[in-house]
Amino acid sequence: MNIKVLISSAVMVAIIMMSSITAVQAAANDTVTVYSARKEHLIKPLFKSFTEETGIQVEYLTGKGAALIERLKLEGEHTPADMFMTVDAGNLWYAGSEDLFQPIKTEKIQNNIPKHLRDPKGLWTGLSIRARTIVYSTDRVNASKLSTYANLASPEWKDRLCLRTSKKIYTKSLVASMIYNHGEKEAGNIISGWVGNLAATPNAKDSHVMNAILAGQCDVGLVNTYYYGRLIEKDPAAPLKLFWANQDTTGVHVNVSGAGVTKYASNVAGATKLLEWLSSSKAQSIYGSLNKEYPANSNVASDDIVSAWGEFKQDDMNLSQAGILQAKAVRMMQIKGYK
Ligand code: FE
């Protein structure tokens, strides 16, 4: 082999290598990588539809929210994740406070998702709504006795109340909203009243709260609406109903599942496009039908089972408060003996 041939084959190798790098980069630009604390069956249909419409592939990794946040922190600027999805504004706020998101503010997102469901700095946006409200036994409770979260602290409900543990983020966010709406002192009195009215030690899950009511252990409780939806879908005759709390005052406490673009995303444009698409009418109706949640986009109708529970006024507290007041809520529940 003469020198000329050697050089030209070296050039050829270099050209092949360069073109394969370009191919990898092109593929990377057409892929968005998502870390999701939402389960696969809730996100896969959405991503599939997004890919069909845009040609952008979505790769995803599902896991526990806390573990994925730790992973994002450890990976730092080398993370493959362009987006992080999780449930509860308290968790989204925490990821934001750990500097894991970058601000994304686009007209589409601002038009599609109401302001109180988005981070004021644009670090994350709510994509589906779940209300946390009162659930009661239709056998033993007259709905006319129900009114507010605060009212569950009144003597009427002595030994009749079941609650989920204070360790769950859903409880922390609700109590944070009560601190926001009532002030610390009054919220503390309400928590004390709740603890005094408990029929049993707090339950590990919302479904256990409803099972305890069905078993006659207690008469009222608090649940996220989609857990009620799952139960009633399986057993439409169950003697349980939802009651919309605080309709004459601040409205029902709502929370979200949501997402943000990661601080070190390599495909910011693709991730922003996905976030915008997830807020669109098409994605929002898929969202609602998958998990008995409410669309965050108020122009989109809820699924039939969810609509049957009736309309309600929602608390319009900006959900970043669920994070900002979380530490106060946790301390208060400890002091008041809410386990
Ligand atoms: Fe849940």
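The following exercises, each with a worked solution, concern a predicted model.

**Exercise 1. Two helix pairs**

Task: Determine how H2 is oriented relative to H10, and which residues make the contact.

Solution.

Step 1. Two packed helices are described by the angle between their axes and the distance between the axes. For helix H2 (residues 40-54) and helix H10 (residues 268-278), the angle is about 115 degrees and the axes lie 11 Å apart.

Step 2. Angles of 65 to 115 degrees count as roughly perpendicular. H2 is therefore roughly perpendicular to H10, and the crossing of the two helices is right-handed.

Step 3. On the H2 side, the contact is formed by Leu 46, Phe 47, Ser 49, Phe 50, Glu 53 and Thr 54. H10 contributes Gly 270, Lys 273, Leu 274, Trp 277 and Leu 278.

Step 4. Sorted by class, the contact of H2 with H10 comprises six nonpolar, three polar and two charged residues.

Task: Carry out the corresponding analysis for H6 and H7.

Solution.

Step 1. Helix H6 (residues 169-182) packs against helix H7 (residues 184-197) at an angle of about 135 degrees, and their axes are 7 Å apart.

Step 2. Angles over 145 degrees count as roughly antiparallel, and 65 to 115 as roughly perpendicular; the remaining angle classes include oblique. H6 and H7 are therefore oblique to each other. Their crossing is right-handed.

Step 3. H6 supplies Leu 174, Val 175, Met 178, Ile 179 and His 182 to the contact. From H7 come Glu 184, Glu 186, Ala 187, Ile 190, Ile 191 and Trp 194.

Step 4. The residues of this contact of H6 with H7 divide into eight nonpolar, one polar and two charged.

**Exercise 2. The surroundings of Phe 50**

Task: Establish whether Phe 50 is buried or exposed, and which residues it contacts.

Solution.

Step 1. Phe 50 belongs to helix H2, where it is one of the residues in the contact with H10.

Step 2. A residue is buried when its relative accessible area is under 20%. Phe 50 has a relative accessibility of 0% and therefore counts as buried.

Step 3. With neighbours within four places in sequence left aside, Phe 50 contacts Gly 55, Ile 56, Val 58, Gly 270, Lys 273, Leu 274 and Trp 277. Among these, Gly 270, Lys 273, Leu 274 and Trp 277 also appear on the H10 side of the helix contact.

Step 4. Arg 71 is 21 residues from Phe 50 along the chain, and the C-alpha atoms of the two are separated by 26 Å.

**Exercise 3. The disulfide**

Task: Locate the disulfide, and state which parts of the chain the pair ties together.

Solution.

Step 1. The structure holds one disulfide. Its partners are Cys 162 and Cys 218, with an S to S distance of 2.1 Å.

Step 2. The torsion about the S-S bond is about -100 degrees, so the disulfide is left-handed.

Step 3. Cys 162 lies in strand S5 (residues 161-162), whereas Cys 218 lies in the loop between helix H8 (206-214) and strand S6 (220-224); the pair therefore ties together parts that are 56 residues apart in sequence.

Step 4. Cys 162 is buried at 1% relative accessibility, and Cys 218 is likewise buried at 1%.

**Exercise 4. Positive phi in two loops**

Task: State where Asp 99 and Lys 292 lie, and how accessible Asp 99 and Lys 292 are.

Solution.

Step 1. Most residues other than glycine have a negative phi. Asp 99, although not a glycine, has a positive phi of about 65 degrees. Lys 292, also not a glycine, has a positive phi of about 55 degrees.

Step 2. Asp 99 sits in the loop between helix H4 (89-97) and helix H5 (107-112). Lys 292 sits in the loop between helix H11 (281-291) and strand S9 (294-295).

Step 3. Asp 99 is partly exposed, with a relative accessibility of 41%. Lys 292 is buried, with a relative accessible area of 8%.

**Exercise 5. Burial in H9 and at Ala 265**

Task: Determine how many residues of helix H9 are buried, and what Ala 265 contacts.

Solution.

Step 1. Helix H9 (residues 225-234) is mostly covered, with seven of its ten residues buried. The buried residues are Thr 225, Tyr 226, Tyr 227, Tyr 228, Gly 229, Leu 231 and Ile 232.

Step 2. Ala 265 is found in the loop between strand S8 (253-261) and H10. Its relative accessibility is 13%, so Ala 265 counts as buried.

Step 3. Neighbours within four places in sequence aside, Ala 265 is in contact with Ala 81, Asp 82 and Gln 102.

Definitions and conventions
Residues are numbered from 1 along each chain as its sequence is written. This is a predicted model: local features need pLDDT of at least 70, side-chain atom pairs count only at pLDDT 80 or more; totals for chains, interfaces and linings use all residues. Side-chain values use heavy atoms; hydrogens and water are left out. Axes are lines fitted to C-alpha atoms, for helices over the stretch in contact, and angles run from 0 to 180 degrees between N-to-C directions. Helices (H or I, at least four residues) and strands (E, at least two) are DSSP runs, numbered from the N terminus. Angles under 35 degrees count as roughly parallel, over 145 as roughly antiparallel, 65 to 115 as roughly perpendicular and the rest as oblique. A crossing is left-handed if the near helix is turned anticlockwise from the far one by less than a right angle, and right-handed if clockwise. Contact means heavy atoms within 4.5 Å. Ala, Val, Leu, Ile, Met, Phe, Trp, Tyr, Cys and Pro count as nonpolar, Asp, Glu, Lys and Arg as charged, and the others, Gly among them, as polar. Buried means under 20% relative accessible area, exposed over 50%, partly exposed in between (1.4 Å probe, protein chains only). A disulfide is a pair of cysteine sulfur atoms within 2.5 Å.
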